[in-house]
Amino acid sequence: MEITNEIKKFSKDRQTPFLIMDLDILKENYNRIKNIYEGIQVFYAVKANSNVRIIETLRDMGSSFDVASRGEIEKLLSLNISPKRMSFGNTIKKETHIAFAHEIGIEYFAVDSEMELKKIARNAPGSKVYGRIQTNSMDSDWPLSRKFGTDIDHVQELMIKAKEYGLIPFGVNFHVGSQTLNKFSWKQALLEVADIFITLKENHGIELQLINLGGGMPIQHTKPIPTVEEIGEIIKTTIEDNFSDFPNLKLFIEPGRSMVGNIGTLVSEVILRSNKQKQEWLFIDSGIFHGLFETIEDFRYEIIIPEKANEELSTFTLAGPTCDSIDIIYDEVELPESTTLGDLLFFKNAGAYTVEYATNFNGINPPDVYILQDVKEIANALKKIHTNTNLIEK
Ligand SMILES: Cc1ncc(COP(=O)(O)O)c(C=O)c1O
């Protein structure tokens, strides 16, 4: 039987689009990240995918969590996760959320401006703060540089002021940009962090303890990527070579995409094909507002239609189902030439920043989520799609 038939059978009584997630891969990802550096503390960036099953699995494996708001904190509390395992990594926090975080016992807060520092000093006195440096994000597919972080002199000033305000200047963090393809981006950022550590120690008597490596590690889409282990090796040697004067160094990492990206396959159905403006259009039931938000920046997913894998390709414009003209996934994408109504498209490695961004726009529900371990009848078919081997099973 062709493997899509198995999945078509599965989806007959269910709505597309849906995301299927494999929790075994999640566990593997956690262990691989945890192993890059002895003693590293992993703070899963909840914003990538806050599905309860993901959080429970990581909770049980000992992970900590990077949170962006009170809503995420409350979700974790409802799952019996101690605030001691949370870090408030958003540099733009509502004052009431800071107060709430402090009241329940969250210790770590990110900062990249004076006003944020004052807000933390007012609402979370005595907390540990870490300053975020800006990175150029040039080698990332989803840059985070302009809005977040500041230059290294400013981070130094913030750490000095933190002490004056009765906070604990605890460390430095950065984010090289999400889906960073160049492993040396981590080295470049770490060298800047070393500068701050050394200047503060030598000139101001402030000994920082924490490097928070942020997120940014990539998952496989259409371009070559470095592995978690290769990035880990760069991090390890850069730290060994530059932080030997800081024996009490703590290392945090906040993986989002690299923790959950490759655990999920998004399945979406073609609901219309049409030829207009001399272009072939394919409309599917997922789109910018229903799981594929990151494609607004032309973020490229690998898309497969298993039973048509051997066909010639043709160029299509691929669009979503809503009445908004921004809901165009790709102006040009190569897909099997006969792709048409009823075909299922599989977006590989779509576990991060997909369902989490999805809306109810036009009264269309966000994609449903299934856990592979619960839907054994299609587990083998999906595993094959995931590994992209032997796609058509006779
Ligand atoms: C503070 C912070 N940490 C970690 C992450 C996760 O980044 P990534 O998904 O690239 O691993 C993000 C993403 O936006 C973030 O804002």
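1. Two residues are taken to be in contact when their C-beta atoms, placed from the backbone, lie within 7 Å. On that criterion, the interface of helix 8 with helix 9 is formed by Phe184, Trp186, Lys187, Leu190, Leu191 and Ala194 on the side of helix 8, and by Ile231, Ile234, Ile235, Thr238, Ile239 and Asn242 on the side of helix 9. Sorted by class, this contact comprises nine nonpolar, two polar and one charged residues. The model under discussion is a predicted one.

2. The geometry of this helix pair may be stated next. Helix 8 spans residues 184-204 and helix 9 spans residues 228-242; their axes come within 9 Å and cross at roughly 25°. Helix 8 is therefore roughly parallel to helix 9, since angles under 35 degrees fall in that category. The crossing of helix 8 past helix 9 is right-handed.

3. A second helix pair invites comparison. The axes of helix 5 (residues 95-104) and helix 6 (residues 114-123) also come within 9 Å, with a crossing angle of roughly 45°. Helix 5 is therefore oblique to helix 6. Here too the crossing is right-handed, with helix 5 passing helix 6. Helix 5 contributes Glu95, Ile98, Ala99 and His102 to the contact, and helix 6 contributes Lys119, Ile120 and Asn123. The residues in the contact of helix 5 with helix 6 comprise three nonpolar, two polar and two charged.

4. As to the sheet architecture, eight strands form a closed barrel in the order 2-3-4-5-6-8-10-11, and their pairing is parallel. From one strand to the next, the twist averages 30°. Within this barrel, strand 6 (residues 128-132) pairs with strand 8 (residues 168-173) in the parallel sense through five bridges. In this pairing Tyr130 stands opposite Gly171 of strand 8. Helix 6 packs on the sheet, where it touches strand 5 (108-111) and strand 6. The direction of helix 6 makes about 155° with that of strand 5.

5. Antiparallel pairing is found at strand 17 (residues 344-347). Strand 12 (residues 264-276) is joined to strand 17 by four bridges, and the two run antiparallel. Leu266 stands opposite Phe347 in strand 17. Strand 14 (residues 303-304) also pairs with strand 17 in the antiparallel sense, over two bridges. In that case Ile304 stands opposite Phe346 in strand 17.

6. Concerning the ligand, 18 residues lie around it, and Ala45, Ser178, Gly215, Gly256 and Arg257 come nearest. By class, the shell around the ligand is made up of six nonpolar, eight polar and four charged residues.

7. Two backbone features merit a check by the reader. Most residues other than glycine have a negative phi, and most peptide bonds are trans. The peptide bond from Thr16 to Pro17, however, is cis, with omega near 0°. Pro17 is placed in the loop between helix 1 (3-12) and strand 1 (18-21). Lys278, although not a glycine, has a positive phi of about 60°. Lys278 is located in the loop between strand 12 and strand 13 (279-284).

Definitions and conventions:
Residues are numbered from 1 along each chain as its sequence is written. This is a predicted model: local features need pLDDT of at least 70, side-chain atom pairs count only at pLDDT 80 or more; totals for chains, interfaces and linings use all residues. A residue is near a molecule or strand if its C-beta atom, placed from the backbone, lies within 6 Å of it. Ala, Val, Leu, Ile, Met, Phe, Trp, Tyr, Cys and Pro count as nonpolar, Asp, Glu, Lys and Arg as charged, and the others, Gly among them, as polar. Axes are lines fitted to C-alpha atoms, for helices over the stretch in contact, and angles run from 0 to 180 degrees between N-to-C directions. Angles under 35 degrees count as roughly parallel, over 145 as roughly antiparallel, 65 to 115 as roughly perpendicular and the rest as oblique. A crossing is left-handed if the near helix is turned anticlockwise from the far one by less than a right angle, and right-handed if clockwise. Two strands pair if DSSP finds at least two bridges between them.
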